[in-house]
Amino acid sequence: RKQGIHVKSDERILGDGDFVESVLKEKEEHFNRRYRLLSHGYDFDKVVVRVAELLKMSPEVILQPSKKPERVRARSLVCFWAVRDLGLTGTEVGKRLGIVQSAVSKAVERGANLAADHHLNIEDDRNR
């Protein structure tokens, strides 16, 4: 500071200026993505419809409780995109799906892996 050099930092984040810059940039990208999705009308119901399209199921089937592997995968994707991309709470999503918050947390992780492994995206090609 005495030399007139200012480094972008945040005292709540340990690390050098480059690290802080990358963390802040990642947060900003996530924030922008969330608002782009919301501006395109994405909500819980639209996420269910999108998952139904991708997995060739009906939305009604996805919303029914089941331990069948295809429904578990579908519900996991719904949880992942609703929580991580739309910012809904696990409690909120759990109420819609009839499961507890801890089950939503586990489903989010399964959904993240499923989306990454199969290159699935919440947005259809028309909205990108």
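This text walks through one residue of helix α2 and then through the salt bridges of the structure. The model is predicted, so local features need pLDDT of at least 70 and side-chain atom pairs count only at pLDDT 80 or more, while totals for chains, interfaces and linings use all residues. Residues are numbered from 1 along each chain as its sequence is written, and side-chain values use heavy atoms, with hydrogens and water left out.

A starting point is V48, which lies in helix α2, residues 44-55 (helices are DSSP runs of H or I with at least four residues, numbered from the N terminus). With a relative accessible area of 2%, V48 is buried (buried means under 20%, exposed over 50%, and partly exposed in between, using a 1.4 Å probe and protein chains only). Apart from neighbours within four places in sequence, V48 is in contact with P59, I62, L63 and V78, where contact means heavy atoms within 4.5 Å. The C-alpha atoms of V48 and V78 are 6.0 Å apart, although 30 residues separate the two in sequence.

Side chains of opposite charge can pair when their charged atoms come close. The whole structure holds three salt bridges, each defined as a side-chain nitrogen of Lys or Arg within 4 Å of a carboxyl oxygen of Asp or Glu. In one of them, R96 meets D45 at 2.6 Å, N to O; this pair links helix α5 (residues 90-97) with helix α2 across 51 residues.

Within helix α2, E53 and R50 are three residues apart, about one helical turn, and their closest N and O atoms are 3.3 Å apart. Here E53 is partly exposed at 42%, whereas R50 is buried at 13%.

Definitions and conventions. Helices (H or I, at least four residues) and strands (E, at least two) are DSSP runs, numbered from the N terminus.
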